Amino acid sequence: MAALDPIKKAIRSPRGAGSAAVLVLVVACALFAPLLAPYAYDIQNLPGANTEPGWTHWMGTDEFGRDLFSRIVYGARTSLTVAISAISISVAAGLTLGAMAGYFGGPFDRAVTAVVDLTWSFPEILIALILIAIIGPGLQSTMVAISIAYLAQFTRLTRAQIMALKNETYVEATANLGAGHFHIIFRHLLPNALTPVIVAGMLATGDAIILEATLGFFGLGAQPPTPSWGAMMSSGTAQIFIAPWIIIFPGLAIALTVIAINLFGDALIEALDIRNRLRSS
Amino acid sequence: MDSAVSAPEHDLVTITGLTREFSSGGGLMTPRRTMRAVNDVSLDVPRGKVTGVVGESGCGKSTLARLVLRLLDATAGTVAFDGIDLATLSPGEMRKLRRRMQMVFQDPYSAIDPRYTIRRALLEPFQVQGVAQTAAEANATVDELISMVGLSPRMLASFPHQLSGGQKQRVGIARALALRPSFLVLDEPTASLDVSIQAQIIDLLEALKQELGLTYLFISHDLSLVRYFCDRVVVMYLGRAMEILPGATVQPRHHYAHALLDSNFEPDPTRRKVITMLAGEIPSPFATIPGCAFAARCPAASDLCRRERPALTDLGGGHMIACHHPKD
Amino acid sequence: MALLSVKNISVTIGKLNLLDGVAFDIGAGEILGLVGESGSGKSLTAMCVMGLLPRIGGTITEGSIIFDGREMIGLPDAELRRLRGKRIALISQNPMTSLDPIIRIGAQIDQVSTLHLGLSAEAAKARSLDLIAQLRIPEPEAIHGAYPHQLSGGMKQRIVIAMALAADPDLIVADEPTTALDVTIQAQIIQIIVELVRDRQLALMLITHDMGVVAQACDRVVVLYAGRVAETNSVEAIFAEPRHPYTRELIRCIPRLGQAPGSLKGIPGAVPSVVDYPTGCRFNSRCGAAEDLCRNTVPALERKTSGLAACHFSEA
Amino acid sequence: MISFFIKRLLLLIPVFLAVSVVIFMIVHLVPGDPIDNLVQINSTPEQKAALAAKYGLDKPLYQQYAIWLGKALSGDLGDAIILRRPVVDLIALNLPHSLALGALALAFSTLVGIGAGALAAIYKDSFIDRTTMTVILLGSTVPGFWLGLLLIMLFAVQLGWFPVSGARSWDALVLPVLTVGLGGVALVARVTRVAMMETARKDFVMMLHAKGVPPWQIELRHVLRHALLPVVTILSLRIGWILGGAVTVEFVFARPGLGSLLITSLNQRDYPVVQGSLLMLAIAVMLGTLLGDVVQAAMDPRVRERIK
Amino acid sequence: MRFTTKSLILSGSMFAAALAFGPDAAVWAQDATFVMPSDDVGAPSYDPIRGTKLNAATSLIYDRMVIQDADQSFHGQLATEWESSDDGLAWTFKLRPGVTFHDGEPFNAATIVWWVPQFEGTENAFMTAAIESVEVVDDLTVKFVMKNPDPNLLSNMASIFMGIPSPKAYDAMGADYGVTAAVGSGPFTLQSFTIGQETVLASNEAYAWASDLSENQGPPHIKTLTLREISETSTAFLELRTGGVDMLLSVPTDFLPQLEAEKSITVGTLPGTGIFYIPINTTVAPFTDIKVREAAALAVNQKEILDNLFGGIGSEANNFLISSLLAADVDPKLNISYNPDRSNMLLEEAGWTMGADGVREKDGTKLQVALWTQNGTEFKRVTEVVQAQLKAVGIGADITVFDSATINDQYRKGNEHQLAVRSYSWANADIIDWFFAGSRLGYPNVSMWNDPKAEELNKIAMTGSRTWEERVANFKAYHEYVLGQFVFAPIYQPVQSYAYSTDNITLPKTIRGTRIQSQTIVDITVN
């Protein structure tokens with residue numbers, strides 16, 4: 001498959017291979033959490049709270065005596081689900097909005113650009129916190145908040161792509177064949193604009209994982225006992241001296257995942273040779 | 001071919017007073033500036049002939065090409081195709097008419113969607129026009145099209161980046177011919193190709209014209225190429241037609257046309273020349289020039305030229321010139 | 001003795017063999033035309049002569065380049081830098097992008113003479129103003145203080161020429177100096193370059209794809225095809241009796257006034273891509289006279305009745 | 001030039017108006033009635049209405065907006081409902097901390113980011129490049145609060161070099177600046193690196209080499225200067241990001257700031273404060289882009305040309 | 001009167017002693033930084049009359065008429081002695097002579113006459129609601145004429161909201177009072193107040209009227225005291241550990257083990273002033289059924305929580321009041337203690353049968369309820385354990401974590417919450433009224449409890465008691481009734497913990513008072 005070629009190429013570089021391996025591992029954790037986790041994520045064992053990492057509990061236990069490794073494995077599920085769904089919504093909305101704005105231009109474009117530029121200059125965490133204040137706490141609202149927080153980025157990028165692509169000769173050539181806007185947008189512009197937006201979406205997934213964790217740190221997002229890396233760290237801060245592993249392991253899980261996403265994204269960008277197009281926004 | 005049987009003396013395309021303005025700025029930051037990319041151009045494109053438009057960058061030749069195909073709407077003036085005023089057509093009618101008028105673009109490298117195979121690119125005209133085809137018909141069509149431009153059907157499965165520039169331009173021509181048009185606008189089809197390939201493409205276009213009875217509007221900056229390929233030549237400068245030469249061998253009399261001619265070095269070391277340096281460079285298209293657009297650079301310019309714009313007048317035999325002091 | 005002597009250089013970038021045994025000389029005060037179509041290796045040759053090949057990731061795998069009696073290959077960077085700009089200057093292909101857009105024109109010309117001639121700021125400026133005037137640019141003082149975007153393409157190319165002349169070089173490499181310009185300006189720039197070079201008795205390596213320009217400007221011509229020299233000869237001989245079929249075909253591809261309709265034929269096929277050069281003569285797939293010998297054996301660049309040509313059948 | 005900036009300021013007016021409407025509306029989208037938080041449990045509807053009238057919450061929305069905007073333009077952002085003092089005072093109290101943290105973090109990100117980015121670009125694809133960029137990537141891939149806690153553990157607890165928290169002395173700024181700054185370093189370094197690599201491919205750089213200009217001079221005087229242009233753009237667009245995004249860091253280090261003021265008042269449904277601090281952030285964002293334009297114009301004659 | 005205390009002579013002699021050591025004290029004069037309890041963070045003002053949230057520095061700026069010791073006994077601060085008439089309709093207070101406010105204004109009977117009516121119409125009006133009027137007996141004696149007997153008057157007078165401000169400053173400053181300045185007669189003067197950040201206090205060098213709970217009867221030893229507000233407890237803990245601050249006025253219990261491990265840190269505890277409990281929304285199914293309420297309450301394993309979450313520090317809560325209150329001493333049968341067997345039995349009786357997934361169901365409805373909690377480590381922890389404990393008897397609970405400001409909004413809606421984990425801090429039995437009176441449905445009556453009998457008992461307890469003993473008995477009855485209705489589930493009674501650096505400061509040997517307030521802080525010396 002031609003579509004998989006860049007991925008293959010990306011995996012061939014040492015960075016790409018390493019990061020891809022980590023990502024496969026994380027995704028496997030999320031998919032097969034019940035099989036991989038040695039314990040249930042919500043079974044408390046209060047007398048065994050704050051146990052150091054060891055043979056029975058590889059990463060120790062948390063303040064409720066729950067197995068930290070199992071919770072990190074399940075936490076991958078929460079973090080990835082939130083991040084990937086949020087970014088998917090965001091990418092889909094950004095593609096639509098950006099394509100409309102970029103293709104048709106005019107007052108609609110100016111309005112979209114103004115709003116997008118302004119929200120883009122505000123930190124995602126503030127946008128998400130304000131949105132959650134409006135729509136209330138919980139996993140779904142966190143997803144919505146994150147997706148709106150990143151909407152500006154994808155709208156900008158898509159718009160820039162479309163603006164560049166619509167000057168390509170083949171677009172004019174297709175118009176000259178008598179093609180309508182619909183044909184041009186969906187058969188030519190969007191398919192060609194897709195790659196950088198998807199890669200940017202992939203990179204943003206890393207940021208979204210951090211954002212989800214930060215919201216978890218503020219007590220928003222996944223509700224207990226559902227494990228989320230951010231919420232785990234939030235409650236771990238209270239144990240920082242007696243059970244530092246509670247905060248260190250989820251933090252490492254995030255760092256590792258996000259670094260892997262970034263490195264793999266970089267490798268992919270190189271393989272696809274789209275650095276310029278990503279920067280065009 | 002329906003157009004081949006039409007009377008040759010009848011003009012296929014008639015352009016009258018065609019003008020197109022572009023404006024830029026006009027926000028709070030910049031004053032609104034208007035340029036006339038094409039300024040009051042009138043021209044007939046005779047059926048079955050090659051009409052050439054020659055000029056340097058910014059002369060409006062590419063805009064003219066797009067106006068003729070109504071890829072852009074004219075600010076003023078009309079384009080009549082086979083007697084039909086394009087401006088009066090509804091989008092649906094215009095779409096139908098596009099089957100009869102097509103374009104070959106300057107840059108073959110970006111003229112095909114990089115994600116499309118050649119086959120898909122060649123079938124797209126039918127898809128866009130809603131021409132239903134069975135799989136067998138489609139295969140036959142693309143085979144015929146690709147062979148017509150001298151490429152092997154093996155290339156149908158290729159992506160554009162796997163083809164050389166010349167091959168891509170051939171695909172571009174095949175795509176333009178897919179709907180069996182009678183009229184082709186060729187917008188500098190060889191400008192980004194090597195000379196050895198340029199000659200191939202010109203040769204191909206010539207053959208296709210004969211074979212299919214096509215009418216061409218050929219746009220180029222290369223006067224020698226235009227004079228070789230075209231039956232009539234229009235010299236444009238800053239959006240205006242400066243001179244219309246009825247035949248390839250007719251000596252131009254406009255000073256600008258001469259400058260163009262002068263700039264062309266012959267491939268013959270025995271015919272080296274000392275060119276007359278033109279003063280200055282092509283003015284900004286936004287500048288408003290009261291008189292002759294070429295006056296500022298013209299060696300023969302007089303006050304009259306700077307004051308009053310010369311009208312395009314017939315010197316006889318269809319040789320038209322817009323100059324107060326034509327060269328002898 | 002030749003000012004510059006390029007001897008059988010071969011160049012690779014990555015795994016690609018882009019130049020294969022390119023050789024030519026330029027004498028002092030001579031204008032050499034390096035002609036060929038895209039992919040022939042013209043610009044790469046210029047990079048070799050400028051000692052800039054490593055900047056684009058290329059390596060000279062064999063051969064030598066001798067400038068004024070000194071071997072340039074293997075020269076330390078600092079030495080090469082003293083040659084560049086001072087003794088060998090470059091006029092690049094695209095004047096639009098050859099000047100630093102955020103630095104004043106004057107400063108960019110001054111830079112050369114302060115760097116290589118050790119001139120003071122005032123002296124450098126005076127020299128630059130003089131050069132600007134010599135290039136027939138009006139109001140040198142204003143131009144000296146202007147930024148590149150304020151100038152037209154033709155003007156910019158004249159500034160690039162001034163920059164090339166600023167340290168009184170012995171050799172100028174002009175890499176398609178007019179391709180990016182309008183037709184009327186192209187001719188003027190060529191005329192200016194040739195005039196200045198002739199006046200100063202400088203050597204010029206003029207790279208172009210335009211046989212018209214070659215005929216107009218050059219003393220001798222090197223025809224490159226697919227990374228190899230096809231033929232070198234005096235300009236008169238090249239046009240009068242080309243020894244290589246490629247040269248002959250190339251000249252024939254140019255439309256001439258009064259040429260009969262339908263008589264313009266291109267060279268069949270396309271320039272082969274560097275990834276699949278044919279064995280033997282690289283022109284064999286497009287050559288009407290090619291035989292098995294051409295397909296199997298690389299023709300050597302041999303001396304013919306006049307000039308050198310790499311064709312098994314050229315003497316015929 | 002000056003007239004350009006006057007024009008730019010004028011151009012910001014409609015943007016400002018649009019933003020102010022959005023900010024005003026956001027607050028009315030948030031569920032929860034501030035009056036409910038304010039009144040006694042068993043107060044009568046009359047008492048509620050009186051309070052609503054006191055804060056102008058009984059008028060139609062557009063009137064409330066007009067009144068609010070009118071006052072805001074004269075520098076009166078109203079009184080905080082919960083915090084019981086003029087919003088302007090609260091902002092005045094918090095803004096300096098945000099500015100200090102923001103400016104220093106910005107300076108840190110810029111200097112370190114440009115340095116690292118330039119280093120990576122000059123030695124591109126080498127060991128130096130990969131190591132620098134990976135180390136920098138680390139800084140941006142961990143949540144700010146986690147990084148903050150780790151820095152506290154290391155520098156404040158283990159080494160005792162800096163205070164754990166607070167905003168009482170200058171050295172209390174070091175760790176927060178590092179925490180906020182490290183996130184920005186990656187951004188600046190990446191932009192610098194890519195911009196330098198892109199610039200290095202430009203024809204004029206080849207021309208400079210052809211002129212025999214020493215490479216270090218080319219990198220520093222020409223290439224880096226060009227690379228700074230996108231860096232300035234990015235940074236100017238991210239002023240609000242730097243001022244408001246420090247909210248987690250402010251939380252961990254128990255520091256005052258615009259971000260934490262905003263979040264606290266949002267949680268308390270203290271609308272005037274939310275509106276005021278958002279408006280302040282929006283103004284900072286707009287001034288940031290304006291400042292970016294000034295710097296751009298100072299650095300790039302083409303920009304000056306465009307704005308003439 | 002039982003609580004009448006005479007302390008003038010004692011305090012006079014201590015004053016002399018303080019004068020004698022005066023020069024030395026000056027040598028020792030030092031600065032100190034304390035961290036306020038995290039609950040105090042964000043208190044917007046130092047206006048004790050209109051403020052609804054005051055922080056720990058308030059007791060240092062203002063003196064009160066009386067203060068309370070840990071044993072619930074009252075000690076004079078601005079009042080030296082007091083007595084109540086037998087019918088409870090008059091209280092006479094003798095005021096301490098020689099007291100001046102920080103602005104130099106004298107404190108006397110006129111002050112009290114001005115002060116009491118100020119509460120009218122404020123949120124704190126209930127404090128003085130029983131006082132009809134204040135009469136001046138002489139310059140240093142006032143008489144409160146009561147609308148009805150209020151045995152709780154002294155307890156109210158000891159509240160932090162009863163800090164007495166300088167009338168002159170209070171009237172002059174209007175709405176700004178307490179924000180930009182606060183003028184009391186306490187041992188410290190307010191230097192600066194940065195909301196949410198810190199309050200800087202300076203020693204009131206004129207201070208010579210400490211209560212008999214303090215050894216030091218002169219100005220405080222600490223000359224400049226900074227009270228910082230740090231909402232993140234781990235940050236506060238790290239500050240203490242690194243010497244950035246000298247004392248944490250309150251430490252979450254879960255930090256105690258960590259602090260005790262530190263050599264230079266001493267941790268002390270005071271009796272608790274509140275409990276953790278689960279209000280049960282009695283108006284929303286399934287908790288309209290008392291059996292389900294009881295089952296939920298009995299499912300809470302107080303001991304498990306005490307031992308594992310709080311390291312055994314503090315005590316189990318089995319009813320609604322802190323154990324030092326007499327009204328807490330209810331019939332043992334009524335106390336609510338962990339009893340999973342009965343819990344399961346009750347649920348069976350109520351028709352909820354165990355489902356395959358461990359959650360009970362009835363008529364196809366799952367016994368799945370909402371369990372709300374607020375941000376804060378202790379809350380979230382207790383809630384998570386409670387969730388697991390409820391699950392053990394087949395009650396599934398979905399946790400929602402709100403921030404503390406939003407959650408009250410949510411309660412007010414009345415029908416969205418079912419269970420919640422909450423805590424209060426209040427050392428008086430009238431807290432039952434606050435949380436269960438029918439007039440405060442939604443919030444603070446989160447249980448939405450509105451029952452005629454309870455209202456009647458409430459009325460008797462709140463307004464029908466003439467003496468303290470009567471009041472205790474009435475509240476006990478009210479308490480017992482509420483307990484029997486299972487409108488809440490008690491969980492845990494924390495202790496108050498504080499921690500300080502022994503390297504930096506020295507605390508008096510015995511800590512007096514109900515919490516670390518002015519009476520202790522004036523005794524603290526800086527090493």
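The exercises below, each followed by a worked solution, deal with helices, cavities, chain dimensions and backbone angles in a predicted model.

**Exercise 1. Helix span and bend**

Compare the end-to-end distance of helix α1 of chain D with the span expected at 1.5 Å a residue, and locate the kink in this helix.

*Solution.* Begin with the length: α1 of chain D covers residues 2-29, that is 28 residues, for which a rise of 1.5 Å a residue leads to an expected span of 40 Å. The end C-alpha atoms are 40 Å apart, so the distance agrees with the expectation. Next, consider the axis, which has a kink of about 25 degrees centred on D:Pro14. Finally, list the buried positions of α1(D), among them D:Phe4, D:Phe5, D:Leu12, D:Phe16 and D:Ile23, and including D:Arg8 and D:Ser20 as well.

Carry out the same steps for helix α7 of chain A, residues 139-165.

*Solution.* This helix has 27 residues, and its first and last C-alpha atoms are 37 Å apart, close to the expected 39 Å. A kink of about 40 degrees is present in α7(A), and its centre is A:Tyr150.

**Exercise 2. Enclosed space**

Determine which residues and elements line the largest cavity, and how its lining divides by class.

*Solution.* Of cavities of 30 Å³ or more, the structure holds eight, and the largest contains about 230 Å³ of space. Its lining consists of 23 residues, with A:Pro224, A:Ala231, A:Ser235, E:Lys380 and E:Glu384 lying nearest the centre. The elements that contribute two or more residues to this lining are α4 (68-104) and α10 (229-236) of chain A, together with α12 (377-392) of chain E. Divided by class, the lining has 10 nonpolar, six polar and seven charged residues.

Repeat the analysis for the second largest cavity, and identify the element that gives the largest share of its lining.

*Solution.* The space in the second largest cavity is about 110 Å³. Its lining includes A:Ala173, A:Asn176 and A:Leu177 from chain A, and B:Met103, B:Phe105 and B:Arg175 from chain B. Two or more residues come from each of α8 (169-176) of chain A and β6 (101-104) and α5 (165-177) of chain B, and the largest share, three residues, belongs to α5(B). The classes here are seven nonpolar, three polar and one charged.

**Exercise 3. The dimensions of chain E**

Decide how the radius of gyration of chain E stands against the globule rule.

*Solution.* Chain E has 17 helices and 25 strands. For its 527 residues the globule rule gives 24 Å, and the radius of gyration is 24 Å, so the chain is as compact as a globular protein of that length. Along the principal axes, its C-alpha atoms fill a box of roughly 80 × 55 × 40 Å, and 61% of the residues of chain E count as buried.

**Exercise 4. Backbone angles**

Find where the cis peptide bonds from E:Ala285 to E:Pro286 and from E:Tyr443 to E:Pro444 lie, and describe B:Leu238 and D:Ala254 by phi and burial.

*Solution.* As background, most residues other than glycine have a negative phi, and most peptide bonds are trans. Both bonds have omega near 5 degrees; E:Pro286 lies in the loop between β13 and α9 of chain E, while E:Pro444 is in the loop between α14 and α15. Phi of B:Leu238 is near 50 degrees, and this residue sits in the loop between β9 and β10 of chain B. Its relative accessibility is 13%, so B:Leu238 counts as buried, the cut-off being under 20%. D:Ala254 likewise has phi near 50 degrees, lies in the loop between α12 and α13 of chain D, and counts as buried at 8% relative accessibility.

Conventions:
Residues are numbered from 1 along each chain as its sequence is written. Chains are lettered from A and ligands numbered from 1 in the order in which they are written. This is a predicted model: local features need pLDDT of at least 70, side-chain atom pairs count only at pLDDT 80 or more; totals for chains, interfaces and linings use all residues. Side-chain values use heavy atoms; hydrogens and water are left out. Helices (H or I, at least four residues) and strands (E, at least two) are DSSP runs, numbered from the N terminus. The expected span of a helix is 1.5 Å times one less than its number of residues. The bend at a residue is the angle between axes fitted to the seven residues ending there and the seven starting there. Buried means under 20% relative accessible area, exposed over 50%, partly exposed in between (1.4 Å probe, protein chains only). On a 1 Å grid over the protein atoms alone, a cavity is a set of points where a 1.4 Å probe fits but cannot get out, and a pocket is an open set with protein on both sides within 12 Å along at least five of seven lines; lining residues have an atom within 4 Å of a point. Grid points are joined across faces, edges and corners, and a volume is the space filled by probe spheres set on the points. Ala, Val, Leu, Ile, Met, Phe, Trp, Tyr, Cys and Pro count as nonpolar, Asp, Glu, Lys and Arg as charged, and the others, Gly among them, as polar. The radius of gyration is taken over C-alpha atoms; the globule rule is 2.2 Å times the number of residues to the power 0.38.
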